[in-house]
Amino acid sequence: MSTRIAFLKGHGTENDFVIVPDPENAIDLPPAAVAALCDRRAGIGGDGLLHVVRSAAHPEAKDMAAEAEWFMDYRNGDGSVAEMCGNGVRVFARYLQHAGLVPEGDLAVATRGGVKTVHIAKDGDVTVGMGEARLPEGDVTVSVGERSWPARNVNMGNPHAVAFVDDLAHAGDLLSPPPFSPAAAYPDGVNVEFVVDRGPRHVALRVHERGSGETRSCGTGACAVAVATARRDGADPAVTGAPVTYTVDVPGGRLLITENPDGGIEMTGPAVIVAEGEIDPEWLENAAR
């Protein structure tokens with residue numbers, strides 16, 4: 001690497017990301033380099049990294065290039081690859097607008113979880129079509145210390161375990177992944193949401209994100225929580241024919257989640273670009289070793 005590498009920093013309800021624009025997929029970002037960039041003391045700092053690549057230039061996204069020009073090559077803060085990140089998609093879209101690559105309005109973004117529809121509103125909020133939730137059968141239990149709770153298994157393109165608790169403090173420090181059973185329910189690990197009620201169709205959560213620890217927000221987690229809460233409350237838009245909307249408070253802000261009768265889920269919330277600069281290529285090369 002002989003030239004400096006551009007980066008930006010952004011967040012969606014304080015779920016923060018290092019953004020690396022790389023339209024032609026020319027920058028090597030092995031897990032160690034991603035983890036170093038996301039390190040909050042020795043790097044730039046972030047819950048994850050948004051690698052911005054044209055779909056046609058990435059082997060995992062070529063098949064989606066006809067539907068979506070841009071591919072969100074998302075990585076967790078530990079460098080591992082993730083299928084999808086809801087807050088990340090909003091920030092990804094905000095970056096594209098910020099860079100003059102797309103206007104306000106509708107666009108499509110390719111992800112490992114499929115092509116997502118996005119709307120950038122004039123008021124600054126971004127709405128993402130998150131696809132449909134899958135509700136795998138089988139009982140799941142999550143634990144923190146001596147406490148255990150039944151959890152709802154919800155898949156939003158990535159796996160979630162949603163547990164309703166009396167107090168968010170019962171989630172503990174969330175520094176390490178909460179134990180779950182049976183192990184076969186989540187062979188690749190799971191995002192765990194702890195949820196309390198705040199009012200009618202209004203909940204709050206804390207989350208341990210797989211590969212990142214506790215984060216200030218999790219978009220797919222908020223969607224999983226809204227679906228699990230709706231089913232707990234006896235609301236299923238596919239049955240009633242009417243959409244259902246939940247306000248979901250996360251530590252970093254507030255998201256609105258709507259589930260439609262066709263199963264499609266929409267998430268609306270803010271997305272902000274806060275800084276931009278350059279990465280020293282020698283540092284990045286050493287970090288990758």
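This chat goes through a few backbone features and a pocket of a predicted model.

User: What are the ground rules for this model?
Analyst: In this predicted model, local features need pLDDT of at least 70, side-chain atom pairs count only at pLDDT 80 or more, and totals for chains, interfaces and linings use all residues. Residues are numbered from 1 along each chain as its sequence is written, and side-chain values use heavy atoms, without hydrogens and water.

User: Which peptide bond is cis?
Analyst: The one from S181 to P182. Its omega is near -5 degrees.

User: Where does P182 sit?
Analyst: In the loop between β11 (180–181) and β12 (191–199). Strands here are DSSP runs of E, at least two residues; helices are runs of H or I, at least four; both are numbered from the N terminus.

User: New topic. What is the phi of E14?
Analyst: Positive, about 70 degrees, although E14 is not a glycine. E14 lies in the loop between β1 (5–12) and β2 (15–21).

User: How exposed is E14?
Analyst: Partly, with a relative accessible area of 35%. Buried means under 20%, exposed over 50%, partly exposed in between, using a 1.4 Å probe and protein chains only.

User: And what about the phi of N25?
Analyst: Also positive, about 60 degrees, and N25 is not a glycine. N25 is in the loop between β2 and α1 (31–38). N25 is partly exposed, at 26% relative accessibility.
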